[in-house]
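Q: Hi, could you walk me through this one? I'd like the strands and the overall build.

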2 protein chains.
Amino acid sequence: MILPRVVVLASGSGTNLQALIDTLHGREVDIVGVGSDKPGCRALGRAEEARIATATFPIADYADRAARDAAMAAWAQEVGAQVVVLAGYMALLTPAFLDPFRERVVNVHPSLLPAFTGLHAIEQALAYGVKVFGVTVHLVDDGVDTGPVLLQGAIELPDATDPEEVHRAIQPIEHRLLPEAVRLLVAGGFEPDPENPRRMRRAVSSG
Amino acid sequence: MILPRVVVLASGSGTNLQALIDTLHGREVDIVGVGSDKPGCRALGRAEEARIATATFPIADYADRAARDAAMAAWAQEVGAQVVVLAGYMALLTPAFLDPFRERVVNVHPSLLPAFTGLHAIEQALAYGVKVFGVTVHLVDDGVDTGPVLLQGAIELPDATDPEEVHRAIQPIEHRLLPEAVRLLVAGGFEPDPENPRRMRRAVSSG
């Protein structure tokens, strides 16, 4: 059985990578590589434990971000990636990476977009004083967390004040929604609404 | 038993007013008046059916919005309002109304603020392509839907495309959260977090 080939990019602890490994890898997708801008990050260790190839692209090794992203895109193409998943990848991707993978790069963001884009989304939400927190899985475009939404999940935390507490509460939603979105995406399960191409809907052909 | 006195402002069908009448009026609060900028709106009819005094303040009767709002504030003070609830009141309130009622004006908005402020919030959310919709009850300040959040509730509607369908789905949340917020507010049930005064938390003294 030939599985859809997925590359994961990560910068940190890799819990979303682990969720993808545990739920999809070897069954519904083949994670053919894990790339990182942070040599030594825990995500790379998780990949090695799962016998997945790794590659590192620290910015210090390149002339600029575009050069780094071009090298990372070349690697992702070499290993045959059809879909790229950002699982806690903290650097902004330039067109040098995105252009070969348009509409096939997925990100998970710890807020209900369009609220609280960019870094420290949970801290931003707490500063605003929201009572509902959440997670967005979306396609990546050239903006910061502006691409079409694939899946969202919410949780009411009316008394939350601690970012770590919110993080712990929404992490299970991330670990559920990101694999679900990847599973649907590789199966052609999303299509743009003809009436509004940035609104993604479930494709009729898929479950 | 002396109940806290509440004035409700409305412009439309008045379903949120009805929820307040059905759950709180005569039990936990006394709705002493319903004001409107729209003579003949259904909300005024609902007030009359519940034998609540009504007053209308159409903008055409005044020199400008400040004059209208000053008249409306004078009326609300005359009837003894301690808290003012905007229940589908569609005009922006000026300081002429807000100043006498600072921190005591509550609004219900059909989105998870800070996303989708202002008019047509549901249409804005559908245009963005969100999968989670919701309701925010907040204190009114001088901005458009920018005041401190009191309560929020969310609902996942991943396949929604029709504003009317979303409206029907979130209306029960409005009808639950608005009376709950008013009940807590008149009982002193909210207090600003000392670490961040725009984050409202449940007061320790209240249930």
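Below is a short chat about this structure.

Q: Before we start, what kind of model is this?
A: This is a predicted model, where local features need pLDDT of at least 70, side-chain atom pairs count only at pLDDT 80 or more, and totals for chains, interfaces and linings use all residues. Residues are numbered from 1 along each chain as its sequence is written, chains are lettered from A in the order in which they are written, and side-chain values use heavy atoms, without hydrogens and water.

Q: Cool. In what order do the strands of the chain B sheet come?
A: The order is β3-β2-β1-β4-β5-β6-β7 in an open sheet of 7 strands with mixed pairing. Strands here are DSSP E runs of at least two residues, helices H or I runs of at least four, numbered from the N terminus, and two strands pair if DSSP finds at least two bridges between them.

Q: And which strands stand at the edges?
A: β3 (54–56) and β7 (149–156) of chain B; each has a single partner strand, so one side of each lacks a neighbour in the sheet.

Q: How many bridges join β1 to β4 there?
A: 4 bridges join β1 (residues 5–9) to β4 (residues 83–86) of chain B, and the two run parallel. B:Val6 stands opposite B:Val83 in β4(B).

Q: Switching to chain A: how many helices and strands?
A: Chain A has 6 helices and 9 strands.

Q: What share of chain A is buried?
A: Of its 207 residues, 53% count as buried, meaning under 20% relative accessible area with a 1.4 Å probe, protein chains only.

Q: And what does its C-alpha trace span?
A: About 45 × 45 × 30 Å along the principal axes of chain A.

Technical notes. Buried < 20%, exposed > 50% of the residue type's maximum accessible area, 1.4 Å probe, protein only.
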